[in-house]
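Subject: Structure handover and findings

Hello,

Here is the structure I promised to pass on. Please open it alongside this message, and my notes follow below.

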Amino acid sequence: MITVIDYSVGNIRSVCNALDNIGCENRLSNLSDDIKNADGIILPGVAAFGYAMKALGEECGELLKEEAAKGKPLMGICSGYQVLFDSSTELGFNEGLGMINGAVERLPEGLVIPHMGWNQVRTNPEIPLFEGLGEEEYFYFAHSYYAILTDPQAKSAMTEYGETDVLACVQKENIFGLQFHPEKSSRLGMKVLKNFEKICRR
């Protein structure tokens, strides 16, 4: 059972629909018992960083950190991925969950913002979310800010937008983050979600 965190940030129901599509048992909830009893947790979202943190709430945020500290797989998607980091400069300075060291900043000037569409990701074979995928695969992105990773314990996979290297995926032990949207990335995105399910089953 995977619990998708329900905190009213963007179309999070689409993640549940994608999990249904691959036959993965899931529930949309923010109840503490559903989070504690889950085999894995997905934190999705499409929103500004500060709003996402406020919508998540301190109590739920602390519970996510506690469950991840116990070794439970946790995966953030889009803004749910960005709030895993220490902070963001989006609409002023905002603190994140601090589960992965790094900061979220606006994409550099000169690029079309937001970055929307398919981009090629240089996958990392050490990250189990990419198991069974090729060295370079296309995924769907929609974002204006990007994370700058400073955590020496984290593994990464990159994409390139213009001449800027953009962190597309990060893993720190049982914590995973995706800047792209697997639920909007067709067959390859479904494969990433299926791989996360396999991680949760282990």
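Is Pro182 buried or exposed? Pro182 is buried, because its relative accessibility is 0% and buried means under 20%. Before going further, please keep in mind that this is a predicted model.

**Around Pro182**

Pro182 sits in the loop between β13 and α6. Leaving out residues up to four places away in sequence, Pro182 touches Ile77, Gly189, Met190, Val192 and Leu193. Gly189, Met190, Val192 and Leu193 are among the buried residues of α6. Ile113 is another matter: 69 residues separate Pro182 and Ile113 along the chain, and their C-alpha atoms are 20 Å apart.

**Helix α6**

Helix α6 covers residues 186–201, which is 16 residues. From first C-alpha to last, α6 reaches 23 Å, close to the 22 Å expected at 1.5 Å a residue.

Which residues of α6 are buried? They are Leu188, Gly189, Met190, Val192, Leu193, Asn195, Phe196, Glu197, Ile199 and Cys200. The cover over them includes two pieces from early in the numbering, β1 (2–5) and α1 (13–21). It also includes β3 (40–43), β4 (74–77), β9 (136–143) and β13 (175–178).

Ser186 lies in α6 too. Its phi is near 55 degrees, a positive value in a residue other than glycine. Ser186 counts as exposed, because its relative accessibility is 52% and the cut-off for exposed is over 50%.

**Salt bridges**

How many salt bridges does the structure hold? It holds 10. As background, side chains of opposite charge can pair when their charged atoms come close.

Two of the bridges involve α6:

- Glu197 bridges to Arg201, with the closest N and O atoms 3.1 Å apart. Both lie in α6, four residues apart, about one turn of the helix. Glu197 is buried, with a relative accessible area of 5%, whereas Arg201 is exposed at 68%.
- Glu131 bridges to Lys198 at 3.2 Å, N to O. Glu131 lies in the loop between β8 (115–122) and β9 and Lys198 in helix α6, so this pair ties together parts that are 67 residues apart in sequence. Glu131 is partly exposed at 36% relative accessibility, and Lys198 is partly exposed at 31%.

Elsewhere, the side chains of Asp34 and Arg27 meet in a salt bridge at 3.8 Å, N to O. Arg27 is partly exposed, with a relative accessible area of 23%. Glu67, Lys70 and Lys72 are linked in a network of salt bridges.

**Ser29**

Ser29 is found in strand β2 (residues 26–29). Ser29 is buried, because its relative accessibility is 6% and the limit for buried is under 20%. What does Ser29 touch, not counting residues up to four places away in sequence? The contacts are Thr3, Val4, Ile5, Asp6 and Asp34. Asp34 is also the bridge partner of Arg27. Ser29 and Arg201 are 172 residues apart in sequence, and their C-alpha atoms are 20 Å apart in space.

**The cavity**

A search of the whole structure finds one cavity of 30 Å³ or more. About 30 Å³ of space lies in the largest cavity. Its lining comes from several stretches of the chain:

- Asn11, Ile12 and Val15 are part of the lining.
- Pro44, Gly45 and Val46 are part of it as well.
- Ile77, His181 and Glu183 complete the list.

By class, the lining residues divide into five nonpolar, three polar and one charged. Ile77 appears here and among the contacts of Pro182.

**Backbone points to check**

A cis peptide bond joins Ile113 and Pro114, with omega about 5 degrees. Pro114 is found in the loop between β7 (100–106) and β8.

Glu173 has a phi near 55 degrees, a positive value in a residue other than glycine. Where does Glu173 lie? It is in the loop between β12 (164–172) and β13. Glu173 is exposed, with a relative accessible area of 58%.

Best wishes

Definitions and conventions:
Residues are numbered from 1 along each chain as its sequence is written. This is a predicted model: local features need pLDDT of at least 70, side-chain atom pairs count only at pLDDT 80 or more; totals for chains, interfaces and linings use all residues. Side-chain values use heavy atoms; hydrogens and water are left out. On a 1 Å grid over the protein atoms alone, a cavity is a set of points where a 1.4 Å probe fits but cannot get out, and a pocket is an open set with protein on both sides within 12 Å along at least five of seven lines; lining residues have an atom within 4 Å of a point. Grid points are joined across faces, edges and corners, and a volume is the space filled by probe spheres set on the points. Ala, Val, Leu, Ile, Met, Phe, Trp, Tyr, Cys and Pro count as nonpolar, Asp, Glu, Lys and Arg as charged, and the others, Gly among them, as polar. The expected span of a helix is 1.5 Å times one less than its number of residues. Buried means under 20% relative accessible area, exposed over 50%, partly exposed in between (1.4 Å probe, protein chains only). Contact means heavy atoms within 4.5 Å. A salt bridge is a side-chain nitrogen of Lys or Arg within 4 Å of a carboxyl oxygen of Asp or Glu.
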